[in-house]
Amino acid sequence: MDSILEGFRKAFFLIVHLDAELLEIILLSLKVSGIALVIATASGLPVGTLIGLKKFPGRGLIISLLNSFMGLPPVVVGLFVYLFLSRSGPLGFMGLLYSPSAMIVAQTILAFPIVAALSHSSIIKVDPLIKQASLTLGATSLQVSRTVMNEARYGIMAAVIAALGRVMAEVGAILIVGGNIAGYTRVMTTTIALETDKGEFELAIALGIILLIISFLLNVALYVIQKMGALRTGQ
């Protein structure tokens with residue numbers, strides 16, 4: 001019991017004094033997850049919008065695949081990214097394995113279906129009359145898409161936050177493709193796993209507290225956005 005309390009004491013000391021190693025790990029985590037989220041949003045949002053607004057052959061299959069991929073096991077994603085980026089893999093010549101870039105690729109794959117599927121779900125809930133009115137007024141396809149996306153913005157923002165929560169808490173995939181190299185690919189989740197295995201809990205506890213705070217803030221943001229969307233719909 002005393003050792004646990006001592007671990008918490010040292011953890012709070014690291015946080016309060018902005019320990020250099022702690023900050024380095026946090027900043028790398030935010031950088032990797034942030035870039036992955038931007039890429040996933042930039043690619044997933046157009047896909048979600050397209051399948052939400054257009055009907056075409058294979059649309060149902062795409063929707064089913066996106067919904068299924070939302071629950072992709074991170075270790076499976078990590079395995080396939082590893083196979084593609086390893087020296088014997090088709091992309092091995094790029095030399096990305098065991099680098100932050102490989103971690104970004106893995107997290108992008110995990111975040112993409114969440115952004116696309118939840119964006120699609122939000123877009124199809126928009127009143128069809130809005131789309132019809134825009135077309136009647138002579139709006140182009142791009143303008144119609146913008147109008148519908150604006151109506152679905154709260155759901156889209158919720159999708160992005162959900163994707164960020166997913167990648168921030170992920171450990172399996174980035175451990176496989178990043179290698180957990182100190183000062184280079186070591187992020188919050190992989191550091192917590194490593195330090196716990198070593199029996200050195202102060203850094204793990206400090207990072208765990210930071211992760212809990214981030215998770216709490218994401219959930220608060222998600223709740224506020226959903227509440228705003230519900231109030232707007234009620235109006």
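# Close-up views of an all-helix model

**Figure 1. L18, an exposed residue with a positive phi.** At a relative accessible area of 55%, L18 passes the 50% mark and therefore counts as exposed. The model shown here and in the other views is a predicted one. You will find L18 in the loop between α1 (2–16) and α2. Its phi is positive, at about 50°, although L18 is not a glycine.

**Figure 2. N180, a buried residue with a positive phi.** Like the view before, this one shows a loop residue: N180 lies between α9 (172–178) and α10 (188–198). Although N180 is not a glycine, it has a positive phi of about 55°. Is N180 buried or exposed? With a relative accessible area of 10%, N180 is under the 20% cut-off, so it counts as buried.

**Figure 3. The protein as a whole.** Here is a step back to place the other views. The protein has eleven helices and zero strands, and from the N terminus on its elements run α-α-α-α-α-α-α-α-α-α-α. Along its principal axes, the C-alpha trace spans about 70 × 50 × 25 Å. Of the 235 residues, 41% count as buried. Take the contacts between residues at least 6 apart in sequence: 75% of them join residues at least 24 apart.

**Figure 4. The buried and exposed sides of helix α3.** Helix α3 covers residues 59–69, and among its residues R59, I63 and L66 are buried. Why do these buried residues sit on the same side of α3? They cover an arc of only 65° around the axis, which puts them on one and the same side of the helix. A rule of helix geometry helps here: an α-helix has 3.6 residues a turn, so residues three or four places apart point the same way. The buried residues of α3 are covered by elements including α2 (20–53) and α5 (100–124). On the face turned away from the buried side, look for the exposed residues L61 and S68.

**Figure 5. L85 and its contacts.** L85 belongs to helix α4 (residues 74–85). Its relative accessibility is 6%, and because this is under 20%, L85 counts as buried. Which residues does L85 touch, leaving aside those up to four places away in sequence? They are L91, G92, L96, L97 and A102. Another residue to find in this view is G95: ten residues separate L85 and G95 in sequence, and their C-alpha atoms are 7.2 Å apart in space.

**Figure 6. The largest nonpolar core.** This core has 21 residues, and those that touch the most other members are L22, I26, M188, L203, L207 and I214. Two or more of the core residues come from each of α1, α2, α8 and α11 (201–234). Which element gives the largest share of this core? That is α11, with eleven residues. L22 makes a good starting point for exploring: not counting residues up to four places away in sequence, L22 touches L14, I15, L203, A206 and L207. There is also a second, separate core of 18 residues, which includes A36, L72, A106 and I174.

**Figure 7. The largest cavity and its lining.** A search of the whole structure finds one cavity of 30 Å³ or more. The space in the largest cavity is about 60 Å³. Its lining is made up of S29, V32, S33, Q107, V167, M168, E170, I174, V187, M188 and T189. At least two lining residues come from each of α2, α8 (153–168) and α10, with the largest share, three residues, from α2. Sorted by class, the lining has six nonpolar, four polar and one charged residues.

**Figure 8. The second largest pocket.** This pocket holds about 200 Å³ of space. It is lined by 13 residues, of which G52, L53, I123, P128 and K131 are the closest to its centre. The elements α2, α5 and α6 (128–136) each supply at least two residues of the lining. Which helix gives the most to this lining? Helix α6 does, with three residues. By class, the lining residues of this pocket divide into six nonpolar, two polar and five charged.

Note on methods. Residues are numbered from 1 along each chain as its sequence is written. This is a predicted model: local features need pLDDT of at least 70, side-chain atom pairs count only at pLDDT 80 or more; totals for chains, interfaces and linings use all residues. Side-chain values use heavy atoms; hydrogens and water are left out. Buried means under 20% relative accessible area, exposed over 50%, partly exposed in between (1.4 Å probe, protein chains only). Helices (H or I, at least four residues) and strands (E, at least two) are DSSP runs, numbered from the N terminus. The arc is that of the directions from the helix axis to the C-beta atoms. Contact means heavy atoms within 4.5 Å. On a 1 Å grid over the protein atoms alone, a cavity is a set of points where a 1.4 Å probe fits but cannot get out, and a pocket is an open set with protein on both sides within 12 Å along at least five of seven lines; lining residues have an atom within 4 Å of a point. Grid points are joined across faces, edges and corners, and a volume is the space filled by probe spheres set on the points. Ala, Val, Leu, Ile, Met, Phe, Trp, Tyr, Cys and Pro count as nonpolar, Asp, Glu, Lys and Arg as charged, and the others, Gly among them, as polar. A nonpolar core is a set of buried Ala, Val, Leu, Ile, Met, Phe, Trp, Tyr and Cys residues joined through side-chain atoms within 4.5 Å.
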